Structure formats: C-alpha cells, structure tokens
Amino acid sequence: VEISIHSYMPSWHEYEKPEDFYAGKSGLGGGVISTELHEIDLLSWFFDSITKVMAFGGTLGPFDIDVEDTVGAVLECENDGRKFPVSLMMSFIQNPPLRRLVVNGAKGRLILELPSFTLTLLLPDGTVGEYFQLPKDFDRNQLYIDELAHFLSCIENSQKPLTSLPEIIKGETVALAIKESLTKNKIISSEFAEFNKEAQ
C-alpha cells in the first residue's frame, strides 16, 4: 500500500502567514500529521491491524513554523495473519497538490486519486479493468453539509453514527505513533498492542 498526501499549506488561507496559521503552530494542533489526517483514518479503517510505525522528516520547508511539514513513514499492517508494509508520504509544502492511495496486489492495482475523484483498477497486464469518476458537477461542499446534517440527526434523533469512538481512536493512535516515532527516532509498536486489547 502506498499513500501520498501533498499540498501547499500557505495557499489554504492566503490571508494568513504560515507562522500565524493554526496548521503551523504546535500549540494549536498543527503539523502535517494532525492536519492531513484523513488518509491515516482511511488506512486504519481499511486495514484493521497496524502493528508498527517508523517515521522520518521534520520541518524541512522555508517557513518559520514549529511543527513538522514533511513526514515519510513505513507502517506494518497485518491482515489474515499476514504482514505487509505501507509507505506513507505527507507534506504541506509541496506543489502541485496530490492525494493518492494505491493498493498493490497479485491480481492488479487499485488507485484512488483525489481531488480528481477517480478510482482505477489496473489489471496485471497493465490494462484498465474498471474506472470510476465522480461527475464533473459533483459538489464537494455537499459532503460537509451532509456530514453536519448527520451529526445533528445523531444528537436530535438518536440516529446511530456512521462511525464510532473506537474507530476514531484507531486513526488517532496511528497519528500519535507516527509523531512519537518522528520525535524519538525509533520504531513504535507497543502502543498498538495495548490499544487493540482495550478495543476488544
């Protein structure tokens, strides 16, 4: 599995300097790991058992910020008793933007590309087996409106949430392990074993 998340944080809020923006401040929960967490959540959702993390990187860009802006990590996952590696590259000082998740296998390669909203299955011979793209008039903002409406419905109508606290904690646990590995320059593994026991 290969995950790439590249964006350019100064363009998110052009009216703010990177050092004044929350994403550039550790005291406000900034840093590329915390602000670009979505693919880490996806990874935790798709591949239930993440057992080890080793991360590299830091503040590599030209901005006067006190958080990591670039991180590369290797994660070990386990599925049906078999372990496999995941490479994760994250940066918010890169142009052009790129968000890509690739799952490689003996029967093909699945490629999810954002923000083009395409999903492609490449067959072993390199031909396209399946291809899906959201319509050109797809309104991305509607996702946020639907999410908020669902949240309010859960509160007002006791609707069951589409996610759960243990699922959210799984992604956060991975993100914190990546941060700890980055700061301590070591492989992190014991935290996952403890969390998996508690969740069960």
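Buried means under 20% relative accessible area, exposed over 50%, and partly exposed in between, with a 1.4 Å probe and protein chains only. The model is predicted: local features need pLDDT of at least 70, side-chain atom pairs count only at pLDDT 80 or more, and totals for chains, interfaces and linings use all residues. Residues are numbered from 1 along each chain as its sequence is written, and side-chain values use heavy atoms, with hydrogens and water left out.

**Exercise 1.** Classify D146 by accessibility, and find its side-chain polar contact with Q142.

*Solution.* Start with the location. D146 lies in helix 3, residues 141-157. Helices (H or I, at least four residues) and strands (E, at least two) are DSSP runs, numbered from the N terminus. Next, the class. D146 has 42% relative accessibility, so it counts as partly exposed. Last, the contact. The side chains of D146 and Q142 are joined at 2.8 Å. A polar contact is a pair of N or O atoms within 3.5 Å; within protein, one must be able to donate a hydrogen and the other to accept it, and residues adjacent in sequence count only if both atoms are side-chain atoms.

**Exercise 2.** Describe how strand 7 and strand 8 pair.

*Solution.* Apply the criterion: two strands pair if DSSP finds at least two bridges between them. Strand 7 (residues 118-122) and strand 8 run antiparallel, with five bridges. One of the bridge partners is F132 in strand 8, matched with L119. Now the connection. The two strands form a hairpin with five residues between them. In the turn, G126 has a positive phi of about 90 degrees. Finally, the cover. Strand 8 (residues 128-133) has six residues, and zero of them are buried.

**Exercise 3.** Compare the span of helix 4 with the expected value, then list its buried residues.

*Solution.* The expected span is 1.5 Å times one less than the number of residues. Helix 4 (residues 165-184) has 20 residues. Its first C-alpha to its last reaches 28 Å, close to the 28 Å expected. Buried residues of helix 4 include K170, G171, E180 and L182.

**Exercise 4.** Which backbone features mark D80, N185 and the N95 to P96 bond?

*Solution.* Take D80: it has a positive phi of about 55 degrees, although it is not a glycine. D80 sits in the loop between strand 3 (70-79) and strand 4 (82-91). At 73% relative accessibility, D80 counts as exposed. Take N185: just after helix 4, it has a positive phi of about 55 degrees. N185 is in the loop between helix 4 and helix 5 (190-199). N185 is exposed, at 56%. Take the bond: N95 and P96 are joined by a cis peptide, with omega about -5 degrees. P96 is in strand 5 (residues 93-105).
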